[in-house]
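Visitor: I am new to this structure and would like to learn how to read it. Could we go through it feature by feature?

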Amino acid sequence: MTFVLDTNAVSALMRGDAAVVARLAATERTDVAIPHPVVAEIAFGIERLPRSKRRAVLQERFDLICSEIGRAEWSDAVSHAYGRIKAALERRGTRIEDFDAAIAAHALAVDATLVTANVGHMTRIPGLRIEDWARE
């Protein structure tokens, strides 16, 4: 696995963002994964919406993306990376949301690059490689 997708990258795919879709199309599917915290965040966002055509379309798009892209499993290595991230950021007084730390931990644990538009936030994490496919 080379790339782990953050929630905003999956959202960009769901919106059909041309740059993100093109970059994914140029990347081997086996080189890309979605961590389970991203699945949880997107599922929550969809569930919050009232029953509507928009919600149904978003669910269909999300289901399609999930069927095409594998998961980055939560392993012991991810848990240890999560602990290191949270502790390091807390020591520096630059804490981030738990799900953000968990998503970054998935990338670090498998030595992958995190694909995110949240560059300013994620650059606080030591050793994390970041790409913003929407801006490249």
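Visitor: Let me begin with a single position: which residue in S2 does Val4 stand opposite?

Guide: Before answering, please keep in mind that this is a predicted model. As a general idea, strands of a sheet pair through backbone hydrogen bonds, either parallel or antiparallel. Here Val4 stands opposite Ala33 in S2, and the two strands concerned, S1 and S2, run parallel and are joined by two bridges. Ala33 in turn stands opposite Gly70 in S3, where S2 and S3 pair in the parallel sense over three bridges.

Visitor: In what order do the strands of the whole sheet lie?

Guide: The sheet is open and has five strands in the order S3-S2-S1-S4-S5, with parallel pairing. Its edges are strand S3 (70-72) and strand S5 (129-131), each of which pairs on one side only. On average, neighbouring strands are turned by 40° against each other, if direction is ignored. Towards the S5 edge, strand S4 (residues 113-115) pairs with S5 in the parallel sense over three bridges, and Thr113 stands opposite Arg129 there.

Visitor: Which helix packs on the sheet, and which strands does that helix touch?

Guide: Helix H6 (residues 98-109) packs on the sheet and touches S1, S2, S3 and S4, while its direction makes about 165° with that of S1.

Visitor: How should I read the two faces of a strand such as S2, and are its residues there buried or exposed?

Guide: In a regular strand the side chains alternate between the two faces of the sheet. In S2, Val32 and Ile34 on one side and Ala33 and Pro35 on the other are all buried, so that both faces are covered.

Visitor: Why does Lys86 count as buried?

Guide: Lys86, which has its place in helix H5 (residues 76-92), counts as buried because its relative accessible area is 14%, and the cut-off is under 20%. A polar atom of its side chain lies 3.3 Å from the backbone oxygen of Ile96. Leaving aside neighbours within four places in sequence, Lys86 is in contact with Arg95, Ile96, Asp98 and Ala101.

Visitor: How many aromatic pairs are there?

Guide: The count comes to two. Phe3 and Trp133 form an edge-to-face pair, 5.2 Å centre to centre with 70° between the planes. Phe3 lies in strand S1 and Trp133 in the segment after S5, so this pair ties together parts that are 130 residues apart in sequence. Both Phe3 and Trp133 are buried. Trp74 and Tyr82 form a tilted pair, 6.5 Å centre to centre with 50° between the planes; Trp74 is partly exposed at 43% relative accessible area, and Tyr82 is partly exposed at 23%.

Note on methods. Residues numbered from 1 in each chain as written. Predicted model: local features only at pLDDT ≥ 70, side-chain atom pairs only at ≥ 80, totals over all residues. Heavy atoms only, no water. Pairing = 2+ DSSP bridges. Helix = DSSP H or I, 4+ residues; strand = E, 2+ residues; numbered from the N terminus. Axes fitted to C-alpha atoms, helices over the stretch in contact; angles between N-to-C directions. Contact = heavy atoms within 4.5 Å. Buried < 20%, exposed > 50% of the residue type's maximum accessible area, 1.4 Å probe, protein only. Polar contact = N/O pair within 3.5 Å; in protein donor to acceptor, adjacent residues only side chain to side chain. Phe/Tyr/Trp six-rings, centres within 6.5 Å; stacked < 30°, edge-to-face > 60°.
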